[in-house]
Amino acid sequence: MNAEGTWTKSIIAMMLSIMGLGTMVLGVVGVIAVAGSDGESGTSQGATQVQVHLSEFAVEMMPPAVPPGDVTFIVHNGGTVDHNFAVPSFGARTKNLQPGESTSLVVKGITEGDLEVICEIVGHDAAGMKATLAVSTSTEVSQLATTGGQMTWQQMDAMMEAVAKQFPAKTEGSGNSELGYSTSTDGYKVFDLVAKVISWEVEPGKFVDGWSYNGQIPAPIIRVNTGDKVRINLKNELPESTSLHLHGIRVPNAMDGVDPYTQPAIKPGETFVYEFVAQESSVGMYHSHHNAQVQVPNGLAGALLIDDWKTIAMDVARSRLADADGDAETEVVMVLNDSGNIGLSLNGKSFPATTPYALAIGESMVVHYFNEGNTTHPMHLHQPSGLVVAHDGKVMEKPFWADTLNVAPGERWTVVYTALDAGVWAWHCHILTHAETPEGMRYMVTALIVS
Ligand SMILES: [Cu+2]
């Protein structure tokens, strides 16, 4: 079986477990995704990750040595009875984990020396569930921490499985909710945005400074129709000036958001009002255009859709697809990122914290890829092929099929996927360093579950 086949098999196994079929199919009990931290919480940006595998009666850590600083322990109970994971000298501990359960624990400010870790269940440490993490400033240790160390293949397999079993891991915060509006007396749809820095959990236990609109990454989805009068009030609560560019949307020049040419920068504490009439169907995005190489990848970006793209896309695709009823059941906004505080991610989350999607055979989903990052991402859904129906919000005269589609920075591609075969199909960026590490799948990876 090739690498992709192995992947698919392992995701299917884990998703079946999550869907409650695990007890029948795999004979395992309750695969769970538990995120969050029972240790210190807060920013652990730059923290070294250590994968912890608990079993009867051993505590295995990879890498076995780390540089001083903050450490995020990704803990998986691979045993058959309850265990926990504790760092006694810091008073940090996870809750008791059931067999198959995972969680994370952030421990900050670890200094050079030997760090003892144990399972605190009575008798387990004496039976062997204690280990020592070497904390050292040596360069070899730094390299070990970034490469995952010199693992045996068995350790690598165990670690990959431990990470994969967390999917879909629960994390704090989510983006892409639909933004509500009020209607003004002069007939505008009025949307309120507040730009502010928040603590954002990119993956279990990894909190970063996220630059958000309304506390969401990606920003909330704005939907309007052709002919609508649109007003966006943007309040700047960031520590620096900002501006808002309406990318791929036809607006008057004064509303283009390019300070200092089309408007003054919006200083901290100020509000700027953007107004335009929606003239054309768009798969647009809105994002900062001020210190944008920092503000956008840190999170200040979202989708602005003009008109009903489920219908527009299916009008193009319907006759060429095996869709059962001719309608799309799902519309997916997928914002790609690779830089800044958020880093490699799908919709502001890194695997295993990404969101899986679901279709039944014969159903279709309309996917809009938005690249808000700094490099091209070839997005690949294992099956089925997608019919590419629109580029940058313009319906294509010649739609084409693709199972892997390059999405360049700034581009939007609209693709219709119709589910043909049951299973859990991996869906990821095909730059492999954007999808996998020696510790397993990470970053720009999710799955389509077809039932
Ligand atoms: Cu990529």
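**Exercise 1. Find the strands that helix α4 crosses, then work out how they are arranged in this predicted model.**

Start with the helix: α4 (residues 153–164) lies across β1, β2, β4 and β7, and runs at about 100° to β1. Next, put those strands in order. They make an open, mixed sheet that reads β2-β1-β4-β7. Now look at the ends: β2 (58–62) and β7 (102–110) each have a single partner strand, so one side of each has no neighbour in the sheet. From one strand to the next, the twist averages 25°.

Then zoom in on one pair. β1 (residues 48–55) and β4 (residues 69–77) run parallel and are joined by seven bridges. To get your register, pick Thr48: its bridge partner in β4 is Val71.

**Exercise 2. Work out which element gives the most to the largest nonpolar core.**

First, get a feel for the core: it has 121 residues, and those with the most contacts inside it include Val52, Phe73 and Ala313. The top contributor is α4, with six residues. For a closer look, take Ala313: setting aside neighbours within four places in sequence, its contacts include Ala328, Val366 and Val416.

**Exercise 3. Decide whether strand β18 is enclosed or open, and find its partners.**

Count burial first: six of the six residues of β18 (residues 301–306) are buried, so the rest of the structure largely encloses this strand. Check each face: Ala301, Ala303 and Leu305 are buried on one side, Gly302, Leu304 and Ile306 on the other.

Now the partners. β13 (residues 219–224) pairs with β18 in parallel over four bridges, with Ile222 opposite Leu304. β17 (residues 282–288) runs antiparallel to β18, joined by six bridges; here Ser282 partners Ile306.

Note on methods. Residues numbered from 1 in each chain as written. Predicted model: local features only at pLDDT ≥ 70, side-chain atom pairs only at ≥ 80, totals over all residues. Pairing = 2+ DSSP bridges. Helix = DSSP H or I, 4+ residues; strand = E, 2+ residues; numbered from the N terminus. Axes fitted to C-alpha atoms, helices over the stretch in contact; angles between N-to-C directions. Contact = placed C-beta atoms within 7 Å. Core = buried A, V, L, I, M, F, W, Y, C linked by C-beta atoms within 7 Å. Buried ≥ 20, exposed ≤ 12 C-beta atoms within 10 Å, placed from the backbone.
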